[in-house]
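Visitor: I've never looked at this one before. Could you show it to me and let me ask some questions?

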Amino acid sequence: MSKEATGAKRLAEGILQGGRRELAKLITRVENANPAARLALAELYPHTGRAHIVGVTGSPGCGKSTLVNEIVKQLRAAGETVGVVAVDPTSPFSGGALLGDRIRMRDLAGDAGVFIRSMASRGSLGGLARATADVVRLLDAAGFDFVLVETVGAGQAEVDIAKAAHTTIVVQAPGMGDDIQAIKAGILEIADIFVVNKADRPGAENTRKALEMMQRLGDGGNGQERHHSRPLGSGHEAAVELPPSAMRPPRPGWEVPILLTVGIEGVGTVEVIDAIRAHVAHLHDSGELQVREAARVEAELAMMLREALLADLLNKMPAEQIDVMLARVVAREIDPYTAVDHLVKAGVNGNESG
Amino acid sequence: MTKEKIRVLIAKPGLDGHDRGAKVVARALRDAGMEIIYTGLRQTPEMIAEAALQEDVDVVGMSILSGAHMAQVPRVIELLQANGMGDAKVFVGGIIPDEDIPVLKEKGVSAVFGPGTSTILIGKIIREAVLGE
């Protein structure tokens with residue numbers, strides 16, 4: 001076994017014994033796609049699957065971090081341990097990032113039952129970083145009862161969190177668009193719980209009503225097809241490359257609650273905790289947890305398989321041929337589709353052609 | 001394997017609320033391609049050391065304008081060492097009297113950046129300190 005692999009194994013053992021330094025170090029290796037980290041992840045995989053994963057998403061500045069801070073405080077008061085992964089965007093220009101989610105989580109400092117890690121998105125576009133799911137797994141293996149995942153400030157289409165979390169909270173703030181925004185496809189479809197934060201501001205009630213209306217139009221979200229109508233959201237799954245059940249817009253037996261909070265004052269957060277617990281119970285009782293878990297694993301394996309095959313294919317593709325094709329496409333000698341066909345053939349055959 | 005990023009914690013220990021300098025440096029280091037964890041104002045040494053450990057940073061940068069640096073900085077360094085984070089490089093910015101600089105360096109501070117230091121220079125010095133270039 002190589003020195004690196006031994007080191008990774010030791011880190012994995014350290015994590016199982018509650019070592020925070022080991023946990024932090026291994027997270028870094030996972031983020032950097034260090035090959036030895038895979039060994040550690042394999043070692044830790046049997047110890048995962050215990051934590052309840054809660055995703056928190058919503059637009060920039062709607063109060064996600066403040067809400068996470070309050071949720072963690074409540075969970076801690078109930079004796080649960082909590083890991084937090086907070087994702088912020090990486091600059092597409094410099095590759096650097098400013099990760100500022102800890103600013104709102106200062107109440108959690110000095111608590112050994114909490115572990116907060118900031119992550120840069122590093123080029124991923126779905127609201128999470130590529131390594132977020134693995135980092136969640138490490139926190140799960142480390143024995144935290146809950147893992148909270150805060151996405152980058154999300155707009156309309158960053159829906160990866162629904163694949164990574166058991167319970168997805170979509171946070172909205174008042175004053176953002178009319179009621180048609182609420183029936184658009186995307187982020188609003190993934191909510192298990194809606195939170196209208198900053199509810200002391202004007203327009204909070206309108207936001208709540210818009211969400212409520214959306215739910216009614218979508219048949220209350222109970223998934224029963226009626227004469228002439230289909231549940232809102234059906235048919236969007238293919239666009240985000242998920243197996244049909246992964247995005248599960250129809251939620252049998254679960255009515256998505258709409259909760260009003262003032263995060264900064266802690267108003268309404270008890271109700272958020274109650275809703276999370278009710279959703280946990282619902283997932284277990286209805287068997288939905290297994291369904292989601294299977295869909296999540298399926299989506300993850302499909303993605304990893306795609307990445308592995310792509311890397312393999314690119315590896316086999318002669319680099320000089322790519323340059324030649326590039327030049328020919330730029331010169332309008334061939335079209336991009338034909339160029340790609342040639343390159344894929346060359347990659348599959350592992351030698352040069354056309 | 002993804003290129004490793006330099007991770008930097010930027011914190012404001014003590015009670016002064018002058019965070020412009022810390023924000024300027026955070027922004028400049030972001031533009032230099034580093035990942036900055038910005039913790040905000042009024043951090044205790046314990047909070048800084050804990051955040052540094054959880055975030056597994058290579059660098060801890062502290063900005064102090066209140067005169068509390070001789071109490072706060074050595075304490076942070078002590079706690080980092082106690083946490084097994086002795087390898088992290090520590091930088092200090094803000095209003096630090098000249099005669100205090102050698103003392104801070106003796107306690108383990110890599111460099112002190114006073115007002116007017118070029119942000120490009122700060123990025124360069126941090127990069128060199130971390131990568132050993």
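Here is a short chat about what can be read from this predicted model.

Visitor: Let's start with chain B: which pattern does it follow along the sequence?
Guide: Chain B has five helices and five strands. Read from one end of the sequence to the other, they give the pattern β-α-β-α-β-α-β-α-β-α.

Visitor: And what percentage of the contacts in chain B join residues 24 or more positions apart?
Guide: First, a bit of background: chain B has 133 residues, and 50% of them are buried. Now take the contacts in chain B with a separation of 6 or more; the share from residues 24 or more positions apart is 71%.

Visitor: What about the outside of chain B, how much of the exposed area comes from carbon and sulfur atoms?
Guide: Chain B exposes about 6000 Å². The part of that area supplied by carbon and sulfur atoms is 53%.

Visitor: Over to chain A. Within what arc do the buried residues of helix H3(A) fall?
Guide: Helix H3 of chain A covers residues 35–44, and its buried residues are Ala36(A), Ala37(A), Ala40(A), Leu41(A) and Leu44(A). Looking down the axis of H3(A), these buried residues line one face of the helix, because they fall within an arc of 145°.

Visitor: Which residues are exposed on the other side of H3(A)?
Guide: The buried residues of H3(A) have cover that includes helices H1 (3–16), H2 (20–31) and H5 (132–141) of chain A. Turn to the other side of H3(A), and the exposed residues there are Pro35(A), Arg38(A) and Ala42(A).

Visitor: Which residue caps the N-terminal end of H3(A)?
Guide: Look for a side-chain oxygen 2.8 Å from the backbone nitrogen of Ala36(A). The residue that supplies this oxygen, and so caps that end of H3(A), is Asn34(A).

Visitor: Is Thr261(A) buried or exposed?
Guide: Thr261(A) sits in the loop between strand E8 (258–260) and helix H9 (269–286) of chain A. Beyond its neighbours within four places in sequence, Thr261(A) has contacts that include Leu67(A), Val195(A), Asn197(A) and Val272(A). The relative accessibility of Thr261(A) is 1%, and buried means under 20%, so Thr261(A) counts as buried.

Visitor: Glu80(A) is in a loop too; what is its relative accessible area?
Guide: The loop with Glu80(A) runs between helix H4 (64–77) and strand E2 (82–88) of chain A. Setting aside neighbours within four places in sequence, Glu80(A) is in contact with Leu75(A), Asp145(A), Phe146(A) and Arg277(A). Glu80(A) counts as buried because buried means under 20%, and its relative accessible area is 17%.

Visitor: I'd like to hear about charges. How many salt bridges are there over all chains?
Guide: Side chains of opposite charge can pair when their charged atoms come close. Counting such salt bridges over all chains gives 34.

Visitor: Which residue forms a salt bridge with Arg292(A)?
Guide: The partner is four residues away from Arg292(A) in helix H10 of chain A, so about one helical turn separates the two. Both residues are buried. The closest N and O atoms are 3.3 Å apart, and the partner is Glu288(A).

Visitor: How far apart are N and O in the salt bridge of Glu212(A) and Arg208(A)?
Guide: Glu212(A) and Arg208(A) are four residues apart in helix H7 (residues 204–217) of chain A, which means about one helical turn between them. Glu212(A) is partly exposed, at 25% relative accessibility. In their salt bridge, the distance from N to O is 2.6 Å.

Visitor: In the network of salt bridges, which residues are from chain B?
Guide: The network links residues from both chains. Chain A brings Glu31(A), Arg102(A), Arg117(A) and Arg122(A). From chain B come Arg7(B), Glu35(B) and Glu55(B).

Visitor: Last one: about how many Å² does the nonpolar surface patch with Met303(A) make?
Guide: Met303(A) belongs to helix H10 (residues 288–316) of chain A, and at 31% relative accessibility Met303(A) counts as partly exposed. Together with Leu301(A) and Met304(A), Met303(A) makes a nonpolar surface patch of about 280 Å².

Technical notes. Residues are numbered from 1 along each chain as its sequence is written. Chains are lettered from A and ligands numbered from 1 in the order in which they are written. This is a predicted model: local features need pLDDT of at least 70, side-chain atom pairs count only at pLDDT 80 or more; totals for chains, interfaces and linings use all residues. Side-chain values use heavy atoms; hydrogens and water are left out. Patches are made of residues with over 30% relative accessible area and no salt bridge: like charges are joined within 9 Å, nonpolar side chains (Val, Leu, Ile, Met, Phe, Trp, Tyr) within 5 Å. Accessible areas come from the Shrake-Rupley method with a 1.4 Å probe; for residues, only the protein chains shown count as cover. A salt bridge is a side-chain nitrogen of Lys or Arg within 4 Å of a carboxyl oxygen of Asp or Glu. Buried means under 20% relative accessible area, exposed over 50%, partly exposed in between (1.4 Å probe, protein chains only). The arc is that of the directions from the helix axis to the C-beta atoms. Contact means heavy atoms within 4.5 Å. A polar contact is a pair of N or O atoms within 3.5 Å; within protein, one must be able to donate a hydrogen and the other to accept it, and residues adjacent in sequence count only if both atoms are side-chain atoms.
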